[in-house]
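Trainee: Please take me through one part of this model in detail, the protein surface that faces the RNA. After that, I would like to follow the elements there outward into the rest of the chain.

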Amino acid sequence: MENKKAFYITTAIAYASGKPHIGNVYDPVAADAVARFKRSQGYDVFFCTGTDEHGQKIENKATAAGVTPQQFVDGVAGQIKDIWDMLGISYDHFIRTTDSYHISAVQKIFERLLAQGDIYKDKYEGWYCEPCESFFTDTQAESGVCLDCGRPLRREHEEAYFFKMSKYQDRLMKYIDENPDFIIPDSRRKEMVNNFLKPGLQDLCVSRSSFTWGIPVLSDPKHVTYVWLDALTNYITALGFDGEQGGEKYAKYWPADVHIIGKDIIRFHMIYWPIFLMALGEPLPKKIFAHPWMLSGMDKMSKSRGNVVYPDDLIRHFGLDGVRYYLLSEMPFASDGTITYENVILRYNNDLANTLGNLVARTLSMTKKYFGGVIPSPEGTTEFDEDLKATAKAAYDGYVNNMEEYHLSDALDAVFSLARRANKYIDETAPWALAKDEEKRPVLATVIYNLLECIRILGVLLTSAIPTSAEKILASLGVNDQTLESAKEYGKLAVGGEVGESFVLFARIDSQKKLAEIEAENAAK
RNA sequence: CGCGGAGUAGAGCAGUCCGGUAGCUCGUCGGGCUCAUAACCCGGAGGUCAUGUGGUUCAAAUCCCAUCUCCGCAACCA
């Protein structure tokens, strides 16, 4: 048997402090599309996602809710997992930083780094809010008051462990120079290099003693491991790295092919994470894709602005694939995307209902009407065939090339260009006119065959973005092969097979009615 | 002068690396078709490609320079 090439892809783990909004969900959806794409290419994909469950904020929220931190994160992690499932995220492993294997691995890692002198004890100084028990940095504390409660801050310090970042700085610089594609988009790399690496790295605080909800430091239990050493290591502990070594899975999948993250946590992935790995003597990830944010209207989504859009609400209104399609098609590669209900409806109606769904419906309907639902043998030709085939080829190439570069919306657009071309082909060839002339029957057969074949290719190319609908399309054609390879070659659809009845893939949405419905719902909240 | 990115039709974007008819989607106006989900197809209008009567060139959205505007980053909230 062939030995399939491994592909390890991760999302950032979601902070389990509350229910994720639509902006938080681009990360897993984008990663899922890539994971499905790589699977369709025949890779042995391991797709990991999960939750980050420690820290002061969670401890405070749990206290406020009158539950233990563990109870609190159990609830939120469940919620996050439910939403991931609702979105069809095809993860292979869901890691929680409260999982016991993760905890013990992090503890071992901490001790190792301490023993080899990369971690040392010092004082952490910052602006402290007594009631909230929280530290703030100079930039955060500019106003002089606590960001949570608004009370005045005072200068405070506590004992803490630090990681010697400077020790690895040159090695990291060299790695980044030698691997310019390590982080995409490129502008992000420059930001990090110029703002952090060139001026010289400061050491990173890796423990805290002002709160307790974290992974205890074995040799000094009044300290808990502080965020990044805990959170980032999930990428290897999820594969079974126990702090000393990994098992079979680790050997197979590490280093990661890509970490999909939001642009807000680039620094941690491009600087701290590689340095931790260097200190552990483990290989560095191959690529980091830092995607932009999905904004609500023109603003960042936040509860105080009252513009938060939740994925489960969206799914209820627009379906799973409607939401996935919107996120993937509307987010540019390097600049922020926006989401409004109006735009979701526009994209849904224009692309999914009118262009794609209607194409499928009219093609199946004609197959039924003119050929009794049997895939006809293409025995004639029209002057439009070659252009249609060329478009199918271009759609395939455009899809694959853009997906490889993580240009997800461009990849989708390339696919839809085939759907648009196929709709045009119907008008050009006017099958209803051909059907009136018995002599034209071979030509009619060709037209219908070509349309069905285009739909098949569309079905295959859409499995990564809108898997449920893609499957419906392929099922209606009686096609099982979803490999990318099967869409590369035109004409693979077998003649003589039976196709299903015409159906509505995406029902058109009445914009006015839907918006009113949503407004009423939000008012009732 | 902190660093980086961006400014292209009413909106959202591609094209810029490798100079040579300004392109896509949506919207809008007009027409066509009837297989189809009031869907689909065609055509029109709409852009001095931020500014500079800048530079290089036979030729600049594309390369160089200056200016203006917007956005991101500038160290431990994830």
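Mentor: What follows starts at the RNA, then moves along the neighbouring elements and ends with a few single residues.

Keep in mind that this is a predicted model. There are 44 residues around RNA strand B, and those that come nearest are Y15, D52, T137, V227 and N358. On the RNA side, sugar and phosphate make up 69% of the atoms of strand B that come within 4 Å of the protein. Sorted by class, the protein surface near RNA strand B holds 17 nonpolar, 14 polar and 13 charged residues.

Three polar contacts can be looked at one by one. The side chain of K190 has an N or O atom 3.3 Å from a phosphate oxygen of RNA strand B. The other two involve base nitrogens. R362 uses its side chain, with an N or O atom 2.5 Å from a base nitrogen of RNA strand B. C205 uses its backbone instead, with an N or O atom 3.2 Å from a base nitrogen of the strand. The elements that supply two or more residues to the surface near RNA strand B are helix 6 (186–197), strand 9 (204–205), helix 10 (266–280), helix 12 (341–371) and helix 14 (408–429). The largest share, 11 residues, is from helix 12.

Take helix 12 next, and look at its partner away from the RNA list. Helix 19 (residues 511–524) runs against helix 12, their axes coming within 11 Å and crossing at roughly 145°. The crossing is right-handed. On the helix 12 side the residues are Y341, E342 and I345, and they meet S511, K514, L515, I518 and N522 of helix 19. By class, this contact has four nonpolar, two polar and two charged residues.

Leading toward helix 19 from helix 18 (485–488) is a loop, and G497 is in that loop. G497 is partly exposed because its relative accessibility is 26%. Outside its neighbours within four places in sequence, G497 is in contact with G373, V374 and I375. The C-alpha atoms of G497 and L477 are 7.8 Å apart, with their positions 20 residues apart in sequence.

Now go to helix 6, another of the elements that give residues to the RNA surface. The loop between strand 8 (183–184) and helix 6 contains P185. The peptide bond from I184 to P185 is cis, with omega near -5°. A second cis bond joins W254 to P255, with omega about 5°. P255 sits in the loop between helix 9 (248–253) and strand 12 (258–262). These bonds are worth pointing out because most peptide bonds are trans.

Helix 14 is also on the list of elements at the RNA surface, and there is a residue to note in the loop on either side of the helix. Y406 lies in the loop between helix 13 (385–404) and helix 14. Its phi is positive, about 65°, although Y406 is not a glycine. Y406 counts as buried because its relative accessible area is 7%, under the 20% limit. A430 is in the loop between helix 14 and helix 15 (431–434). A430 is likewise not a glycine, and its phi is near 45°, a positive value. With a relative accessible area of 16%, A430 is therefore buried. Positive values deserve a remark because most residues other than glycine have a negative phi.

Two residues from the early part of the chain remain. G18 is in the loop between strand 2 (14–15) and helix 1 (26–40). G18 counts as partly exposed because its relative accessibility is 24%. Setting aside neighbours within four places in sequence, G18 is in contact with V76 and I80. G18 and K61 are 43 residues apart in sequence, and their C-alpha atoms are 9.1 Å apart.

Helix 1 itself contains D32. D32 is buried because its relative accessible area is 0%. Not counting residues up to four places away in sequence, D32 touches F47, G88, I89, S90 and R324.

Methods. Residues are numbered from 1 along each chain as its sequence is written. Chains are lettered from A and ligands numbered from 1 in the order in which they are written. This is a predicted model: local features need pLDDT of at least 70, side-chain atom pairs count only at pLDDT 80 or more; totals for chains, interfaces and linings use all residues. Side-chain values use heavy atoms; hydrogens and water are left out. A residue is near a molecule or strand if one of its heavy atoms lies within 4 Å of it. A polar contact is a pair of N or O atoms within 3.5 Å; within protein, one must be able to donate a hydrogen and the other to accept it, and residues adjacent in sequence count only if both atoms are side-chain atoms. Helices (H or I, at least four residues) and strands (E, at least two) are DSSP runs, numbered from the N terminus. Ala, Val, Leu, Ile, Met, Phe, Trp, Tyr, Cys and Pro count as nonpolar, Asp, Glu, Lys and Arg as charged, and the others, Gly among them, as polar. Buried means under 20% relative accessible area, exposed over 50%, partly exposed in between (1.4 Å probe, protein chains only). Contact means heavy atoms within 4.5 Å. Axes are lines fitted to C-alpha atoms, for helices over the stretch in contact, and angles run from 0 to 180 degrees between N-to-C directions. A crossing is left-handed if the near helix is turned anticlockwise from the far one by less than a right angle, and right-handed if clockwise.
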